[in-house]
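This report describes a structural model in terms of its chains, strands and contacts. The sequence and the structure are shown first.

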Amino acid sequence: MNNKIKRFIPQILTLLFVIGVIGFFTLNAQVNMDNRGIDFGFGFLKQESSFDVQFSLIEYSGSHSYARAYLVGLLNTLLVSFISIIFCTILGVIIGVSRLSSNFLIRNSAAWYVEFFRNIPLLLQIFFWYYAALRALPLPEKAAPWFGVTFMTIKGYYIPSFIWNNLDVFLYSILAVIICILFINSYAKKLRETSGKQIPLFFISIGLLIVLPALSFLIGGVSLDFEIPVLKKLSQTSYTYEGGIGLPPELIALVLALSLYTSTFVAECVRAGIQGVSKGQKEAAASVGLTPNQILKLVIMPQALRIIIPPTTNQYLNLTKNSSLAAAIAYPDLVLVFAGTALMQTGKAIEIVSITMLTYLSISLAIAALMNWYNKKIEIKEK
Amino acid sequence: MINTLTDKKTSNYYYYLLAGLFLFSISILDVVLYSFFKINLTNFLPDILGLFLPLIIGFVGLHLIRIEYSGIKSIDLINKNINTNNFNAFLTLLIIFAIVKATPPSLSWMIFDANISGESKEACTGTGACWTYVKVWFRRFMYGMYPNDLHWRINTAFILVIGLGFFGFFLKDNLKKYLALYYVIIYPIIAFLVIYYLISGGSFGLVWVETGAWGGLSLTFIVSFFCLIFCFPLGMILALGRRSNLPMIRYISVGYIEFWRGVPLITVLFMSSVMFPMFLPEDFFMDKLVRVIIAITLFEGAYCAEAIRGGLQSLPRGQYDAAKSLGMGYWKMHIFVILPQALKLVIPGICNTFLALVKDTPLIFVVGLAEIAGMLALAKTNPKWLGFAMEGYIFAAIIFWIICYAMSKYSYNLENKYKTER
């Protein structure tokens, strides 16, 4: 009985404290909002937003609603995170492997790369790229083409856009390839477990990936055109490019800074993962007669990935959260569009900040839940 | 093939070594001469060949000197470290050439063609960096808009706070047991009073300087210092709460930690500046800087809690069992047995959290506090000093890099130190 009370009292006290704090805040908010004549509610989401966004993936103008503006911001955040994640993974894996190289120069340059980019605040890096480095680029009319068709200018990076005919056929062919590869994969696994035979899965997959889409071009009537950006005169001194896709300099600065900064952390994860596989594993695999290639593919990588993936996902999450720094250089991401412009216009501070925070929170929690599930799945099951 | 030849006829491998070294040094010499003195040795060749010639020559050279053991120390060193196979030799050459090519332009931009004399933009005539800009704005970058003749107050306050921080080392042995008490409770209070009375002023005949005028690097230090000393106890309580066996306390702690870890700091700062005033009682005014410090403390407290939890989890169960078997209660067990050991383990983790905190402080610029990044943005738009963004950012980057690198090295050393003890 005594013990039960002892367990009970602290919990009740904590709960009361939390409820008290929340209640105090709510009460104050109520009074403050009454005094200022603001009412609480999410009705404003349906109202016309009447502000423009520079860069958006979906059709958007001032006549659309605030909810649509939210979507534009969210998509822009996801876009910059997605591109940066791809680049930081590629860079991070290269740097991480280089840090374990036997070559003195490579090892040390990789180490200095990591030390250099990791120890400068991300915001400064973003500012550096945006205000200092990208401002040194040529004006549109003076830009020399890169690879003949793309133009890197102070106003952004202009690349050709694709114009597809019968895009759906092409997508079906890709889908068919994925299904085929999955089937072959399970068949190969079965074959290996029952008879010990190996089939060159990788080459078959690559072959399928080339052959089927190529067939869709030849037979399925798929065709691809490029729209190349063309220089156009706006006025006496101002030029711009028309056609193609224009990536704004904010996006480029953000992607550069985010991927360089995060790649250092990914590199450390990769290095730790490869170092984490004990030497005995390699020697044991060699002693049962596996070739070096097979050792890497069947013994080292599966174990290293188990160590690498969880912290790397964490870094991806950090990257997504850090992409909110976009607001500092006016890239229209979720924070700038919604918690910035929309908040200024509507004055609905509590609603808008909560929605923004909840959005990030749900992204984080979803990925964390996925990670937990994955960790459970790959956990070494000891008997 | 050449390698096998050298292996078979040990008598003539010297020729190979000589030829290889000769070719290797020729290729390096060519690149060095070209990038430092603009002397082109390969003038007579077509451009495209001249570009790749040093690479090819150097590659052949490295291939020739690659043997198992030569007996010559420097060559063995080269072979072992940068010349183990063709691929490595190729990358080695690329890295050497890249370094050699990048050195002259960056050196001349940063030092030889740069200007530092003078007081105005007109003094910058060279093609290089204009360090005059940084020199003129130096006090602004360090102290923000704080009045020039009062800078001694900031300096004195920092020296006092640092001095008080080292005070613990000189305590007598019989007072050492109060060390934790000193650092967790007394020191923050004293530091707060010192900073409040010296930097803010308003009493003792010192002029009041409002927080809006604070800025620059000193603000970075103030914000990160206060956030660190406040977020540590908060993190400790949350970490203990998360490992508590009382479900309600555990759920609340988990909820708190996961919430703050799931949102970006910038939204937290937005919250502190636009949403938090709504939650306070009417006519209760809280300074912007205080709000920011509270917001960052709440945010970093969650990260701190996770670092401390790592330390608590890494303690073997035996420690808990032993303490319990001696009849210790929850608080006695934690204060005397668990926390002293766990906190020693988490010092590197705390260091990393603090490192992240220092790197996050420039963000306070989004709520209008002109920390060093904010001062740079201000200086950049000053009509008298347009066009020197690069110098400013490089200067700030160097300062932050030195601080963060020193901290990360320190935490790395601590990690190694405590690793060997266990």
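The sections below treat the overall form of chain A, its strands, one loop residue, the contact between the chains and the domains of chain B.

## Overall form of chain A

The model is predicted. Chain A contains 11 helices and 8 strands. With a radius of gyration of 27 Å, well over the 21 Å that the globule rule gives for 383 residues, chain A is more spread out than a compact globule. Along the principal axes, its C-alpha atoms fill a box of roughly 85 × 80 × 50 Å.

Of the 383 residues of chain A, 29% count as buried. Among the contacts in chain A with a separation of 6 or more, 62% are made by residues 24 or more positions apart.

## The four-stranded sheet

Chain A has an open sheet of 4 strands in the order β1-β2-β3-β8, with antiparallel pairing. Its edges are formed by β1 (145-146) and β8 (245-247) of chain A, each of which pairs on one side only.

At one edge, β1(A) pairs with β2 (residues 150-153) of chain A in the antiparallel sense over 2 bridges, and A:P145 stands opposite A:F151. These two strands form a hairpin with 3 residues between them, and A:F147 in the turn has a positive phi of about 55 degrees. On its other pairing, β2(A) runs antiparallel to β3 (residues 156-159) of chain A over 3 bridges. Here A:F151 stands opposite A:Y158 in β3(A), and the hairpin of β2(A) and β3(A) has 2 residues between the strands.

Which residues of β2(A) are buried, and which are not? In a regular strand the side chains alternate between the two faces of the sheet. Along β2(A), A:F151 and A:T153 point to one face and are buried, whereas A:T150 and A:M152 point to the other face and are not buried. The buried residue A:F151 thus has a partner in each neighbouring strand: A:P145 in the pairing with β1(A) and A:Y158 in β3(A).

## A separate hairpin

Strands β6 (residues 230-233) and β7 (residues 239-242) of chain A pair in the antiparallel sense over 4 bridges. Within this pairing, A:K232 has A:T240 of β7(A) as its bridge partner. The two strands form a hairpin with 5 residues between them.

## A loop residue with positive phi

A:A330 lies in the loop between α9 and α10 of chain A. Its phi is near 65 degrees, a positive value in a residue other than glycine. A:A330 has 13 other C-beta atoms within 10 Å, and it is therefore partly exposed.

## Contact between chains A and B

The contact involves 48 residues from chain A and 42 residues from chain B. On the side of chain A that touches chain B, the elements that give two or more residues are α1 (2-36), α3 (104-118), α4 (122-133), α9 (292-322), α10 (334-346) and α11 (349-378) of chain A. The largest share of this side comes from α1(A), with 13 residues. By residue class, the side of chain A that touches chain B divides into 31 nonpolar, 13 polar and 4 charged residues.

## Domains of chain B

The domain assignment divides chain B into domain 1 (2-112) and domain 2 (132-146 + 209-421). Taken over C-alpha atoms, the centres of domain 1 and domain 2 of chain B are separated by 48 Å.

Note on methods: Residues are numbered from 1 along each chain as its sequence is written. Chains are lettered from A and ligands numbered from 1 in the order in which they are written. This is a predicted model: local features need pLDDT of at least 70, side-chain atom pairs count only at pLDDT 80 or more; totals for chains, interfaces and linings use all residues. Two residues are in contact if their C-beta atoms, placed from the backbone, lie within 7 Å. Ala, Val, Leu, Ile, Met, Phe, Trp, Tyr, Cys and Pro count as nonpolar, Asp, Glu, Lys and Arg as charged, and the others, Gly among them, as polar. Domain bounds come from an automatic or database domain assignment. Two strands pair if DSSP finds at least two bridges between them. A residue is buried if 20 or more other C-beta atoms lie within 10 Å of its own, exposed if 12 or fewer, and partly exposed in between; C-beta atoms are placed from the backbone. The radius of gyration is taken over C-alpha atoms; the globule rule is 2.2 Å times the number of residues to the power 0.38.
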